[in-house]
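Got the viewer open? Keep the selection panel handy, and we'll go from stop to stop.

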Amino acid sequence: MIRLEHVSKVFTSRGQVVKAVDDVSLEVGAGELVVLIGPSGSGKTTTMRMINRLEVPTSGRIIVDGRDVQEMDVVALRRRIGYVIQQGGLFPHFTVADNVAVVPRLLGWPRAKRRQRAYELLELVGLPPDQFADRYPRQLSGGQQQRVGVARALAADPPIVLMDEPFGAVDPITRKQLQRELRRIQSEVRKTIVFVTHDIGEAFLLADRIVLMSEGRVVQDATPADLLRRPADAFVTEFIGEDRGLRALQYTRLEELAGPAPAGQSPNGVVLPGALSVLEAAREVGKFENATGDGFWVSDDAGRPVGYLTYLQFVALLGETIAPEDTSGKEPAHAVSA
Amino acid sequence: MRVRGEALDFITYIRENRERFTELLIQHLELTVYSVLLAVLIAVPLAILASRVELLAKPLTWLGAIGQTIPSLAILALTLGWLGIGFRPSLVALTIRAVLPIFLNTYVGIRNADRSVIDAARGMGTSGAQLLFLVELPLASPVLFAGIQTATVQTVGLATLAAYIGGGGLGDLILQGLAMVDYPILLAGAIPVALLAIAAELLLGGLRRLVIPAGLQTEGR
């Protein structure tokens with residue numbers, strides 16, 4: 001869907017040459033939510049802004065849907081890519097409904113269709129249209145404005161959405177709420193999303209994949225669980241922070257750890273869904289006081305048993321998950337594909 | 001007592017010379033309205049140009065500042081040498097003076113428009129013209145309109161000077177009153193000019209509510 005090939009961006013400010021993005025290659029698959037994360041100045045925002053050509057790469061290529069973006073009409077390209085920014089960027093002179101319908105308006109949709117679409121999207125982002133459609137942005141709270149921003153980005157149903165620290169400027173409680181809402185919305189609309197943040201908790205909560213950047217380079221490109229269990233270097237470990245063990249328990253899923261189901265045996269006793277985090281699984285296991293057998297079954301999303309773990313294995317994996325550096329060299333038990 | 005009686009005689013003067021007064025009043029209004037309109041037509045496109053072409057911004061601002069710094073009488077004298085006497089050179093002189101406030105306010109209005117709004121608009125795929133008319137000019141409109149208001153009130157006052165080069169307007173009465181040391185005639189020019197300036201301010205203040213987009217009403221002047 002989106003592919004960056006050896007992309008670099010060099011800025012020159014006051015005679016000083018700054019490599020904002022340095023030979024970055026990465027791929028974002030259709031329907032995937034990839035989080036670009038890193039400290040400020042790591043080049044994450046610049047990397048994102050090159051995708052819709054708000055910045056022009058100094059070298060390298062960016063391919064969207066099989067086509068080099070430099071060769072596409074910039075206006076047409078941007079109308080196919082939703083864009084959400086930290087400060088909201090709502091048009092203060094447009095009502096909420098008109099703000100949501102900006103891109104449909106640019107695309108020349110008839111008025112009635114625009115309004116209907118705006119109502120649908122306000123519903124989707126949890127702002128009752130009959131209350132909010134005719135308000136102006138200044139009459140909304142910061143969190144409400146960001147919801148409108150998300151609705152606006154989705155209005156013309158673009159396959160791709162770019163989000164630049166969209167929840168960075170709202171209070172922590174609202175942020176949590178918006179993050180959960182985004183997960184719900186993403187499960188409904190399945191967009192290809194590039195999400196920039198510097199909040200590692202947000203990254204773990206939302207990402208299918210995390211791309212950690214530093215000084216313009218990609219330090220590690222991995223799933224949240226892999227990033228936690230197999231950090232590439234000391235920078236990654238430090239960036240994830242001291243509560244890495246806890247996060248690993250929260251974000252490593254049972255199905256990633258379970259061994260293959262014993263052949264020929266039908267599941268009896270305890271069965272746990274593979275989508276549970278290790279932490280949740282540990283809580284569940286504790287509830288089965290009188291369970292017989294030496295372990296439990298792990299099921300896939302459809303409830304089919306696909307793996308098995310003995311209690312002894314599970315305890316060992318718990319330990320490995322919390323303190324992965326002690327297990328270096330050892331391959332963790334492989335995931336059983338559902 | 002006598003002076004005040006004489007002073008109030010300006011009403012009598014206007015009554016007795018209704019035709020001449022009306023003619024001068026209309027001339028005055030024409031000078032003001034036409035020069036402000038001309039100034040808008042010149043200043044707004046120039047300000048848009050300056051906001052697009054960084055290199056032009058400074059020179060254009062200087063040019064406007066020069067127009068604003070030269071004393072009004074000097075401008076009148078210069079246009080007199082160039083276009084002769086009468087209505088047209090007066091119009092040109094007043095327009096030159098009205099361009100700067102409108103140019104500066106439009107330019108500043110566009111440049112100070114919320115960057116995040118512009119960034120979002122570009123990111124969503126607005127073309128150059130769409131960005132200008134859908135976002136930049138509406139965002140600049142409160143400041144732009146304030147510039148027009150300033151220019152108008154200023155022009156109402158300056159238009160009295162047109163009388164010096166035969167441009168007409170209520171300045172005629174002021175000059176005549178001064179020359180003849182005749183208070184009623186002087187005041188028959190001066191008081192309506194003052195009232196006109198206040199009326200222009202109020203009228204444009206009311207118009208502002210109609211012109212500025214609803215979502216921006218609380219901002220600006």
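**Stop one: a strand on the inside**

Start with β8(A), where A:Thr192, A:Val194 and A:Val196 point one way, A:Ile193, A:Phe195 and A:Thr197 point the other way, and all are buried. Bear in mind as you click around that this is a predicted model. The strand covers residues 192-197 of chain A, and 6 of its 6 residues are buried, so β8 is largely enclosed by the rest of the structure.

Now bring up the strands that pair with β8(A). Select residues 33-37 of chain A to get β3, which runs parallel to β8(A) and is joined to it by 5 bridges. Put A:Val34 and A:Val194 on screen together: they are bridge partners. Next, select residues 160-164 of chain A for β7, which also runs parallel to β8(A), again with 5 bridges. Here the pair to show is A:Met163, which stands opposite A:Phe195.

**Stop two: the cores**

Which residues have the most contacts inside the largest nonpolar core? Colour A:Val35, A:Val100, A:Val194 and B:Ile102, and you have them; the core itself has 132 residues. Its largest share, 12 residues, comes from α5(B).

Zoom in on A:Val100. Setting aside residues up to four places away in sequence, A:Val100 touches A:Ala118, A:Leu121, A:Leu122, A:Val148, A:Ala151, A:Arg152 and A:Ala155. There is also a second, separate core of 14 residues, and A:Leu254, A:Leu257, A:Leu272 and A:Leu317 are among them.

**Stop three: A:Leu272 and its sheet**

Stay with A:Leu272, which sits in strand β12 of chain A. Is A:Leu272 buried or exposed? It has 22 other C-beta atoms within 10 Å, and the cut-off for buried is 20 or more, so A:Leu272 is buried. Leaving out neighbours within four places in sequence, show its contacts: A:Leu254, A:Ala281, A:Glu284, A:Phe296 and A:Val298. If you draw a C-alpha to C-alpha distance from A:Leu272 to A:Phe296, expect 7.2 Å, though the two are 24 residues apart in sequence.

Pull back to the open sheet of 4 strands in chain A: the order is β11-β14-β13-β12, and the pairing is mixed. β11 (259-260) and β12 (271-273) are at the edges with a single partner strand each, so one side of each has no neighbour in the sheet. Select residues 305-310 for β14, which runs antiparallel to β11(A) and is joined to it by 2 bridges. One pair to label is A:Pro260 with its bridge partner A:Gly307 in β14(A). Then add α15 (residues 311-322) of chain A, a helix that packs on this sheet, touching β11, β13 (295-299) and β14, with its direction at about 80° to that of β14(A).

**Stop four: over to chain B**

Turn to where the chains meet: 20 residues of chain A are in contact with 18 residues of chain B. On the chain A side, α2 (74-79), β6 (81-85) and α4 (102-106) each supply at least two residues. That side divides into 12 nonpolar, 5 polar and 3 charged residues.

Finish inside chain B with α3 (residues 54-69) and α5 (residues 87-111), whose axes come within 8 Å and cross at roughly 145°. The crossing is left-handed. To see the contact, show side chains including B:Ala57, B:Thr61 and B:Ala65 from α3(B), and B:Leu100, B:Phe103 and B:Tyr107 from α5(B). By class, this contact has 8 nonpolar, 4 polar and 1 charged residues.

Notes. Residues are numbered from 1 along each chain as its sequence is written. Chains are lettered from A and ligands numbered from 1 in the order in which they are written. This is a predicted model: local features need pLDDT of at least 70, side-chain atom pairs count only at pLDDT 80 or more; totals for chains, interfaces and linings use all residues. Axes are lines fitted to C-alpha atoms, for helices over the stretch in contact, and angles run from 0 to 180 degrees between N-to-C directions. A crossing is left-handed if the near helix is turned anticlockwise from the far one by less than a right angle, and right-handed if clockwise. Two residues are in contact if their C-beta atoms, placed from the backbone, lie within 7 Å. Ala, Val, Leu, Ile, Met, Phe, Trp, Tyr, Cys and Pro count as nonpolar, Asp, Glu, Lys and Arg as charged, and the others, Gly among them, as polar. Two strands pair if DSSP finds at least two bridges between them. A residue is buried if 20 or more other C-beta atoms lie within 10 Å of its own, exposed if 12 or fewer, and partly exposed in between; C-beta atoms are placed from the backbone. A nonpolar core is a set of buried Ala, Val, Leu, Ile, Met, Phe, Trp, Tyr and Cys residues joined through C-beta atoms within 7 Å.
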